[in-house]
Amino acid sequence: MVKNAFTATRAQWLVLIAMTGSLSMIMLDQTVVTVALPSMTRDLHLSADAQQWVVNAYVLAMAALVACGGKLGDLIGRVTTFRLGVLIFFLSSVACGLAPNAPVLLLARVAQGVGAALMMPATSAIMVGTFALKQRGRAMAMYAGLSQVFLAAGPLLGGLLTEWVSWRAVFWLNVPVGIAALVMVHVAKPDNASLTKGRLRTSDVALLTLGIGALVVGVQQANTWGWGSAWTLGSILGGIGLTAGFCWSQLKSRDPLLNIRLFSRRPFTADSTVMGLLQFALVPIVLYTSLYAQNLLGFSPVIAGVAALPLVVPITIAAQFGGRWFDRAGVRQPVLTGLAIGTLGVVARAVALPSLSYWPSVPGMVLMGIGLGLTISPTNTDSLNRVAAPERGQASGLVQTVRQLGGTLGLAVVGAVIAALVPTTPSASAAHQTAHAFEIGFLVAAAAAAVALLVGWRYLARGTQVDEVVLPSSAPNILIPSSAD
């Protein structure tokens, strides 16, 4: 192990770089396409619904299947699962870049989400297993903080590639990153032991996928189908019913896909809920900020990307402070501070939108960046610290399911609010009406951030964690490898 996070061995550095790069790739592909959407629309003749699905098909696939990634990592080894996910991810990225039409692009985006779902739980579990408890805050600050930078910097990279190369190049960017990650993991050789007995049941996967999928489709398509239509109500209620049935089946199972019982631990539940609500707010804000800059302010793709820098730079700086603060004081102080600042930032960003000017939005973007930087890494690290090493694959899958479900529901809900308010016919006031619609949508996102703050205030753990969590001796079907932390 290491004396501090950055007197690490060569192998630990390689793991840190590989996992950070891989998570950054996953986050980047949530937002890099946002600036490229107008160009994609012209080339592939995308409808308004298809534009939203280009973003949400990817996030939805992650939300529905990330639990499978956590379970598979426990069954066949996290490194094996990671390698499989990387391979699927960069091959589907090539397919996105070569897509001749909208259906092929959307299918390839779903495949990207499948690859990301396999990678994401593995990356965080491998990271937590690589660094000792007292160093994880700072190591995870780099891992989660830099990945959030790429989430926010997606519009900038997307703008540069779209304007100077092609919108297709935003997907090909993943290929060298994926190959480099595979090489570094091969050299570093992190622990790849399987941690549980059991199997991956297709019935569990089907229930979860259909439940989440139906719920999100119903919300996102409500403006097209009508909120009172049988299709909308059937999809939403059916999704809720299937998801509830999945949760009930997991509580009864001795070999669950998702260990729902982990939610009985209040600090773990608080961390997961905060991350889900924050993702609910963040994903639609990044998408509609790019559309606002290009469609309403008339920015080019490159300028729209540069305009995101007041959000990107504060994340980079604040994430490092957040990780060190977490090591010293635990999760509560940095996260509550970050949520308060971030919520204020979203509100400030929202009320500036009707001005149809860039500069009034900058203070809100800066505050949002600071808030995200202080929040993301401590909550993610604390959630995995709350479980024993053999449970981390399950815990990571559960956390990421909540987080990605928050993102896809946020995009669907905020998108539905904006779509309902955007004028459908051209007029002299159409730009102002559209900006007002964006404002209302952003205020919905701010409400989610405010709820996260209330949840954190009430339920986040106090103080620092002083030792590793010990697995209860009665826990079923757990194999503890000799190389455990």
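Let me start with Asn174, which is found in helix H7, the helix that covers residues 174-188. This is a predicted model, so please hear everything that follows as a description of a prediction. Asn174 counts as buried, because its relative accessibility is 1%. If we leave aside the neighbours within four places in sequence, Asn174 is in contact with Met25, Asp29, Phe89, Phe90, Ser93 and Gln112.

One of those partners, Asp29, leads me to the salt bridges, of which a search of the whole structure finds five. As a general point, side chains of opposite charge can pair when their charged atoms come close. Asp29 forms such a salt bridge with Arg109, and the closest N and O atoms of this pair are 3.7 Å apart. Asp29 sits in helix H1 and Arg109 in helix H4, residues 102-130, so that the pair links distant parts of the chain, 80 residues apart. Both partners, Asp29 and Arg109, are buried.

The next pair is Asp255 with Lys71, a salt bridge in which the closest N and O atoms are 2.4 Å apart. Asp255 lies in the loop between helix H10 (230-252) and H11, while Lys71 lies in helix H2, and the pair therefore ties together parts that are 184 residues apart in sequence. Here, too, Asp255 is buried and so is Lys71. These two residues do not stand alone, for Lys71, Arg201 and Asp255 are linked in a network of salt bridges.

A further salt bridge joins the side chains of Arg386 and Asp382, at 3.1 Å from N to O, and again both Arg386 and Asp382 are buried.

Let me now turn to helix packing. Two packed helices are described by the angle between their axes and the distance between the axes. For helix H11, residues 266-296, and H15, the angle is about 145° and the axes are 9 Å apart. The crossing of these two helices, H11 and H15, is left-handed. On the H11 side the contact is made by Phe268, Asp271, Val274, Met275, Leu278, Leu282 and Ile285, and on the H15 side by Met368, Leu372, Thr375, Ile376, Thr379, Asn380, Asp382 and Ser383. Sorted by class, the contact of H11 with H15 has nine nonpolar, four polar and two charged residues. You will recognise Asp382 in that list, the residue whose side chain meets Arg386 in a salt bridge.

The second packing I would like to show is that of H2 and H4, whose axes come within 6 Å and cross at roughly 30°. In this case H2 passes H4 in a right-handed crossing. The residues of the contact of H2 with H4 divide into 20 nonpolar, four polar and one charged.

Staying with helix H2, I would point you to Gln52, which lies in that helix. What is the relative accessible area of Gln52, and is the residue buried or exposed? The value is 12%, and Gln52 is therefore buried. Not counting residues up to four places away in sequence, Gln52 touches Gln220, Tyr288, Leu411, Ala412 and Gly415. Of these, take Ala412: Gln52 and Ala412 are 360 residues apart in sequence, and yet 8.5 Å apart in space, C-alpha to C-alpha.

Two loop residues deserve a look at their backbone. His45 lies in the loop between helix H1 (10-44) and helix H2 (48-76), and its phi is near 55°, a positive value in a residue other than glycine. His45 counts as exposed, because its relative accessibility is 68%. Leu356 also has a positive phi, of about 50°, although it is not a glycine, and its place is in the loop between helix H14 (332-352) and helix H15 (362-385). At 23% relative accessibility, Leu356 counts as partly exposed.

Finally, the whole chain. The secondary structure of the protein comes to 17 helices and zero strands. Of the 485 residues in the protein, 59% are buried. Among contacts with a separation of 6 or more, 83% are accounted for by residues 24 or more positions apart. The protein exposes about 17,900 Å², and carbon and sulfur atoms supply 69% of that area.

Notes
Residues numbered from 1 in each chain as written. Predicted model: local features only at pLDDT ≥ 70, side-chain atom pairs only at ≥ 80, totals over all residues. Heavy atoms only, no water. Helix = DSSP H or I, 4+ residues; strand = E, 2+ residues; numbered from the N terminus. Buried < 20%, exposed > 50% of the residue type's maximum accessible area, 1.4 Å probe, protein only. Contact = heavy atoms within 4.5 Å. Axes fitted to C-alpha atoms, helices over the stretch in contact; angles between N-to-C directions. Left-handed = near helix turned anticlockwise from the far one by under 90°. Nonpolar A, V, L, I, M, F, W, Y, C, P; charged D, E, K, R; others polar. Areas by Shrake-Rupley, 256 points an atom, 1.4 Å probe, with all protein chains shown as cover. Salt bridge = Lys/Arg side-chain N within 4 Å of Asp/Glu carboxyl O.
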